[in-house]
Amino acid sequence: MEIEQADRQSRPVVAFDFDGTLTIRDSYTEFLRWNAGSGAYLAGLMRLAPELLAYPVRRDRGRLKAAATRLFLAETPVEVLEAAAAQFCDRVWDDFMRPDALACWQAWGNKGVQRVIVTASPRLTVQPFARRLGADGLIGTELEVRQGVLTGDFASPNCRGAEKVRRLQAVFGPELKLVAAYGDTSGDTEMLAVAEHSGWREFVKRP
């Protein structure tokens, strides 16, 4: 989901975090659970036990997410993942998206700004949601694909914290100034800091 060159400079930009901001909870965890099935997911968590136990010490979300990606998605054809992500979006949408966040999203759209989702979740799994929302852009963690198959590794740094700003600047330029940004975790702090309006945990309604 690329932003046209003319729009990058001519239209104001509003950035939305995805998980917990537009949605009620983490979409990638939910997708992995749904895609694997309950039994296989629980078995996978057992294999991830060393990483899960080490997380309170390391506090490295990227490492934990990378381990889960290798376990659950390695050797998956990319078209299979894309089809599963689209089906997942259709199944969970009504129970997953925050109504007050959707209202804000629509209000900004009515003002003609560029609405961009910036998420730590893989871009490929969030893409169906971005399409349904009519997003002007989607920035997320990139999954490595070789010969049409997921390797289970990341092709980019985990898109959270300062990486969100770096990725936005790569698209819109180093002098980026967001009209508004919305987020709900420490991984959004840097993005909110470059916005005129900093929307910290503004959305609280559930479907």
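User: A pocket, on a 1 Å grid over the protein atoms alone, is an open set of points where a 1.4 Å probe fits, with protein on both sides within 12 Å along at least five of seven lines; lining residues have an atom within 4 Å of a point. Which residues lie nearest the centre of the largest pocket?

Analyst: First, this is a predicted model: local features need pLDDT of at least 70, side-chain atom pairs count only at pLDDT 80 or more, and totals for chains, interfaces and linings use all residues. Residues are numbered from 1 along each chain as its sequence is written, and side-chain values use heavy atoms, leaving out hydrogens and water. The largest pocket has 25 lining residues, and nearest its centre lie D26, Y28, T29, R61 and K65.

User: And what volume does the largest pocket have?

Analyst: Volume here is the space filled by probe spheres set on the grid points, which are joined across faces, edges and corners. For the largest pocket that comes to about 570 Å³.

User: Which element gives the most to that lining?

Analyst: Elements are DSSP runs numbered from the N terminus: helices are H or I with at least four residues, strands E with at least two. At least two lining residues each come from α2 (27–36), α3 (38–47), α4 (49–58), α5 (61–73) and β2 (114–122). With five residues, the top contributor is α5.

User: Now the packing: which element supplies the largest share of the largest nonpolar core?

Analyst: A nonpolar core joins buried Ala, Val, Leu, Ile, Met, Phe, Trp, Tyr and Cys residues through side-chain atoms within 4.5 Å, where buried means under 20% relative accessible area, exposed over 50% and partly exposed in between, with a 1.4 Å probe and protein chains only. The largest one has 42 residues, and F16, L22, F31, L73, I117 and F129 have the most contacts inside it. Two or more residues come from each of β1 (13–16), α2, α5, α6 (78–96), α7 (99–110), α8 (123–133) and β6 (178–183). The largest share, nine residues, is from α6.

User: Take L81 in that helix, α6. Is L81 buried or exposed?

Analyst: Contact means heavy atoms within 4.5 Å, and beyond four places in sequence L81 touches F31, L73, T76, L124, T125, L143 and L150. Its C-alpha is 9.1 Å from that of N35, 46 residues apart along the chain. At a relative accessible area of 1%, L81 is buried.

User: R115 is in strand β2. Which residue's backbone oxygen lies 3.0 Å from a polar atom of the R115 side chain?

Analyst: R115 is buried, at 11% relative accessible area. Setting aside neighbours within four places, its contacts are V14, W105, Q106, W108, G109, L133, G134, A135, D136 and G137. The backbone oxygen in question belongs to W105.

User: Backbone oddities next: where is Q147, which has a positive phi although it is not a glycine?

Analyst: Its phi is about 50°. Q147 is exposed, with a relative accessible area of 83%. It sits in the loop between β4 (143–146) and β5 (149–154).

User: E75 has a positive phi too, without being a glycine. What is its relative accessible area?

Analyst: E75 has a phi of about 75° and lies in the loop between α5 and α6. It counts as exposed, because its relative accessible area is 71%.

Technical notes: A polar contact is a pair of N or O atoms within 3.5 Å; within protein, one must be able to donate a hydrogen and the other to accept it, and residues adjacent in sequence count only if both atoms are side-chain atoms.
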